[in-house]
Each structure stands twice: as C-alpha cells, then as structure tokens.
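Let's take a walk through this one together. Have the sequence and the 3D view open, and we'll go stop by stop.

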2 protein chains.
Amino acid sequence: MFTDSRYTFQAREEVFDARVEIIKGGPIRAVGEYLRAKRRKVRVGYSAPHTTVAQMEALRAIAPDVRWVSDKDAIEDLRSIKEPSELAVMQAAADLISNVVGGLIKAIKPGISELELAGKIEYGIKLGGGSGPSFDTIVASGPRSAWAHAQPSPKKLGKNELVVLDQGAILRGYCSDLTRTVFVGKAPKRVRDLYNAVLEAQQAAKAAIRPGVTCGAVDSAARSVLTKRSLARYFTHSTGHGLGLEVHEKPRLGRGDKTVLQEGMVVTVEPGVYLEGLGGIRIEDDVVVTGNGCTDLTSTSRELFEL
Amino acid sequence: MFTDSRYTFQAREEVFDARVEIIKGGPIRAVGEYLRAKRRKVRVGYSAPHTTVAQMEALRAIAPDVRWVSDKDAIEDLRSIKEPSELAVMQAAADLISNVVGGLIKAIKPGISELELAGKIEYGIKLGGGSGPSFDTIVASGPRSAWAHAQPSPKKLGKNELVVLDQGAILRGYCSDLTRTVFVGKAPKRVRDLYNAVLEAQQAAKAAIRPGVTCGAVDSAARSVLTKRSLARYFTHSTGHGLGLEVHEKPRLGRGDKTVLQEGMVVTVEPGVYLEGLGGIRIEDDVVVTGNGCTDLTSTSRELFEL
C-alpha cells in the first residue's frame, strides 16, 4: 500500500494485512518505480474503470518492460466478497447511519426545510466519527419524493406529505446506504397500503438472498410482489447494488442479472414506488450474504413513521 | 452537454451557453453515438487525466472512425481562465463560505470538538444552498494544527491553542476554499508574530499577482517574507492553486513554476507555517486575476481572532 506522509496515521488505522510504504512524488510514480526495480518482465493487471488514460501513459513510460493487462472485472470481483475484517467496519458504518437516522426521524418537525434536515444528517455522520456522507444526502418531500434522485431544496416539510430520506456514511473507508420514508401526519389508507407493499417487496427480496441465487432472481422476488398489486410500473429502478469501498459496486440486483450471489457479498435491498403528484416510497437496507441467507447490517425501524 | 433525466432541472440551472441533451444509457455511449452519427472522420481531443481507460476503450469501440487525441493540458488550460458567468458563480461560492466561517468563528467555544465544529461548517454550507463541501473540512487544534492535512478528530478545542479551519463550498458546480486560524485565549507574542508574518506573506503574494507574472514569482513573494524572518523552513507547501469546477486545478503557485498568470484565472493564496508542538498558522483566500492586479473573492476578516 503506497501512500504519502499526510496519511501515515490514517493508513496505520485503515489498512488491513498489507505493508504500508510512505512515498514521495505520488502513487503512480511509486508503483511505476517499484515495478521497474524488479528488472524483469512482469505481467500486471489494472482496473480499467479506476485508471485514467494519463495515469496509464505515465506508468508505461516509467516501467516500459511491464506487460499491462487491462481488466474491468478482476479487481471489482475480488472486492465484491468482503473479508471478516471488512465486514466489521461495514457493520460499524451501517450502525452509524442507522443511529443517525433513527435519532433524527423522531425529532423531525413540519416546517424544517429539506436542506436543514440533510445538513443535520450529515452533521450527525461527522459527529459519529464518519469521514463524511457516502453520497449527497437525499431529503425529498411531497411531490419531490417521487424523483428518485432529488437534491434537497429550501422547501419545507409540509403536512400530509411523504418524505424520502436516503443517506449513507463513510467510516474508515467503507460505505453504508440507508433509506427510510416517513409521513408527516397520519398516513391515509392509500399511503399505508403502498408502504406495506414496498416493505413486503423488500422482505421478499431479502428472503430470496442466499449463496447460489442469481441477482436477477432477487430482483424478481421484489418485483413480483409489486406486480401482484399492479404497482410494478411505479418501481422504476433495480432492487439494489453492491456496497463497499464505493457506494455502488458489484453485484447489481438488476432485472435478469445472471451474477450468482456468494457468501460475504454486501448489497443494498431497496425497492420503491414513485407516483407523480403523490410522492415516493423507498425502504433500503444493507445486507450481507451469509452461508444460508442474509443478515441486515442496517437496523433503523422499518415501520411507517407518522410524525 | 449530455446528461440524463435525473439532472434535467439542475442542468437548466447550471449550464451556461450550451445546448443540453437529455440522454439514456450513460454519457460515454451518448458521446460515442453522437460522434459516430457524423459519418466522417473527425479529430476529437479528450482530457487524459479525466478519462478512464475503460471509458476510452468504450468510446473507441462505439466510434471507431474518430481520431482521438489525448491531451492532458488543453481542457485544463481552457478551464483555468474563467468567463464572467463563471466568476459570478465563484463569487457566490466564496461569499457562501465566507459567511459560514465568519459566523461560526464568533460562536466557537472551548470544549467543542473538532468533529462537531467541522459538522457545523458543513451544515452551514448546506443551509446556505451549497451542494456540499468542496473537500473534507479540516478543523485542527493544538499540536494537530501543525499537520497540513489533519482530519477532524473527537479532540476538544482547549485553552491557549491554535485552531486551523480550512473549508470550502461547492455552489452550482464551482468550488471555494478558505482557511482561517484562530487562537483560543489571548495569543502570546510568539503566536502573534508568527500570525503577522504569515499575513504579511499572504499580502505580498497578492500584491505580486497580475497578468504577465509567473506563478513562481508569486510563490517567491510569499516565501521571501518568511525567509527574512527565518520562517521559510516552516512553510512546507506551495503558495496556492487554481480553483474552479475542481478544488485543485491549474495553475499552481509553486516554487519556480513558469506558468504565466492571465486575467480571469482564479487561485488560492495560502501561505502557512507549521511548528511541531506549537501548531500551525495558515491564511487562505481565493482571488481572481484582474487586468492590473487581483481581487479577493473571499472576505472573512483576516485579523487574528482570539476567543
């Protein structure tokens, strides 16, 4: 593991099972010189989606004898299965976001703006020791909650509105990702039915997860619950995605995806429905694939919270 | 400008002087297909430090007739000179962080932790309409302030300590970057002298900035003030860096750098001294190069604030 003197302390805390070398002049130069010093032909794989053209040009110039093998899958496949030491950190990152959201949901008052609430969530992540949010926090209320990627706005949370809260923390390099949907006021039967349908879809997906099952089968388990209630057309994205050092990594719980789940993979399970005008409902947890099923990493209550 | 339906609204607000095309299937596919549809040989430059090997492989496969020209400077050079519409947004991003820091400094109380204060800063950025911090906020107190890149820790601000606050906001895509150093308590003469030396170095650098001057000459202006006071060995980084869509872009105000400043460039000016045990002092503003000098974009008071 090559890093520079700014990160000596952090590397000591965050790097498992690897020798840390403190370098000068940047990681590309350090890697290139390390390989050149081998003085023989070596074959080195690199992750094409994580290496820029300029970095490859520099590496080829510094270490011209290396045979570089471009690979877009090997490193990501390796990363998709987490080791126990990684799972411990991911559990802590999930606990952090579960606690922040669980604590804040109870304190939400109508009149607070989406931006204020997003700010409080990110403040909670920092306070809990996280290095920051794992993506731009989403707080979307009323009709805006029907946009799957709404950015928080100065809009205030109004009475009788759905609010989607989608957020995650980075802790010691690893990401968590959690969504909860709350209702400001007493939810009408229509909203309650939609909420229960999404929750049932999520439970069906979790029940389908175990080693040997395809990602597509998990997606289908969630989707068929919503199809039965004629809601499938409102479920406009895939059921989930892998999670780790990045907030989106392999595998993807997408329709027809043939990737086979393996023990140690960590994925989000996040079905949702989005009805223009009414709003959106999404419930998302992070789970780890175990020997015979899956276990939740995130723990915030999944009951419909009525403010 | 190619983007997808998640960003329709944001593109309308943030894209100047370009046609926006809402696409499906990702920007690489869209760009590739747009170029393929030209049905003739075209020569297209791309930024090698901003394009991954996987993206280039995909572009070459989709648009095999294009002659791709790798360039690591053209786009960055173009970006280094800001248009008036860009400067207006950068002024707003600078105002946002100036107001957040100016407001918070007055409210700092000993006993608050570095993490809490960093969280408050980032909350202020959100509340002010920023999409987030332009880098991980630095709050470093006591001996930790001597680390140029300290991450905020649970350590509480103690009496008679230096505290370095380094933070920035992203507003409509553009970054600001501001550092202030405060003293918890009444600063002893030693600290006051060091602070004034850094402030004088910063003023000397700003006074040197105008079109036609090299970046190295600006760095030298700051460095020679500190050399005269035998403090140059404690100034361990360069005087500043370009700022825009990214928090570090061209040009770099580094020792001996031959890049010539031009009107419309935006750079940080941030000399500092770091004394092990005692702590660090850094004062940073963002300035725009004008026809005959430079103007500050950031405005928080530069007097030594004693809490």
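Before the first stop, one bit of vocabulary: two strands count as paired if DSSP finds at least two bridges between them. Keep in mind, too, that you're looking at a predicted model.

With that in hand, find strand β14 of chain B, residues 272–275. It runs antiparallel to β15(B), and 4 bridges join the two. So what happens at the turn of this hairpin? There are 3 residues between the strands, and Gly277(B) takes a positive phi near 90°. Looking across the pair, you'll see Val273(B) standing opposite Ile281(B) in β15(B).

Stay with β15(B), which covers residues 279–282, and check which way its residues point. Gly279(B) and Ile281(B) go one way, while Gly280(B) and Arg282(B) go the other. Are they buried or exposed? All four are buried, on either side of the strand.

Next, slide back along chain B to strand β11, residues 240–242, where His241(B) is found. This histidine has a relative accessibility of 9%, so it counts as buried, the cut-off being under 20%. What does its side chain meet in there? One partner is the side chain of Glu270(B), in a polar contact of 3.1 Å. Another is the backbone of Val247(B), whose oxygen lies 3.0 Å from a polar atom of the His241(B) side chain. If you leave aside neighbours within four places in sequence, His241(B) still has plenty of company to look for, including Asp177(B), His248(B), Arg252(B), Val266(B) and Glu284(B).

Now zoom out to the place where the two chains touch. Here 28 residues of chain B are in contact with 27 residues of chain A. Together the chains bury about 2500 Å², with 62% of that on carbon and sulfur atoms. Val53(B), Tyr123(B) and Lys126(B) supply 25% of the area chain B buries against chain A, more than any other three residues.

Lys126(B) is worth a second look, since its side chain meets that of Glu122(A) in a salt bridge, at 3.5 Å from N to O. Across the whole interface there are 2 salt bridges, plus 9 residue pairs in polar contact. On the chain B side, helices α3 (53–62) and α6 (114–127) each supply at least two of the touching residues. The largest share, 9 residues, comes from α6(B). Sorted by class, chain B's touching side has 11 nonpolar, 10 polar and 7 charged residues.

Note on methods. Residues are numbered from 1 along each chain as its sequence is written. Chains are lettered from A and ligands numbered from 1 in the order in which they are written. This is a predicted model: local features need pLDDT of at least 70, side-chain atom pairs count only at pLDDT 80 or more; totals for chains, interfaces and linings use all residues. Side-chain values use heavy atoms; hydrogens and water are left out. Contact means heavy atoms within 4.5 Å. Buried area is the accessible area (1.4 Å probe) that two parts lose on being put together, summed over both. A salt bridge is a side-chain nitrogen of Lys or Arg within 4 Å of a carboxyl oxygen of Asp or Glu. A polar contact is a pair of N or O atoms within 3.5 Å; within protein, one must be able to donate a hydrogen and the other to accept it, and residues adjacent in sequence count only if both atoms are side-chain atoms. Ala, Val, Leu, Ile, Met, Phe, Trp, Tyr, Cys and Pro count as nonpolar, Asp, Glu, Lys and Arg as charged, and the others, Gly among them, as polar. Buried means under 20% relative accessible area, exposed over 50%, partly exposed in between (1.4 Å probe, protein chains only).
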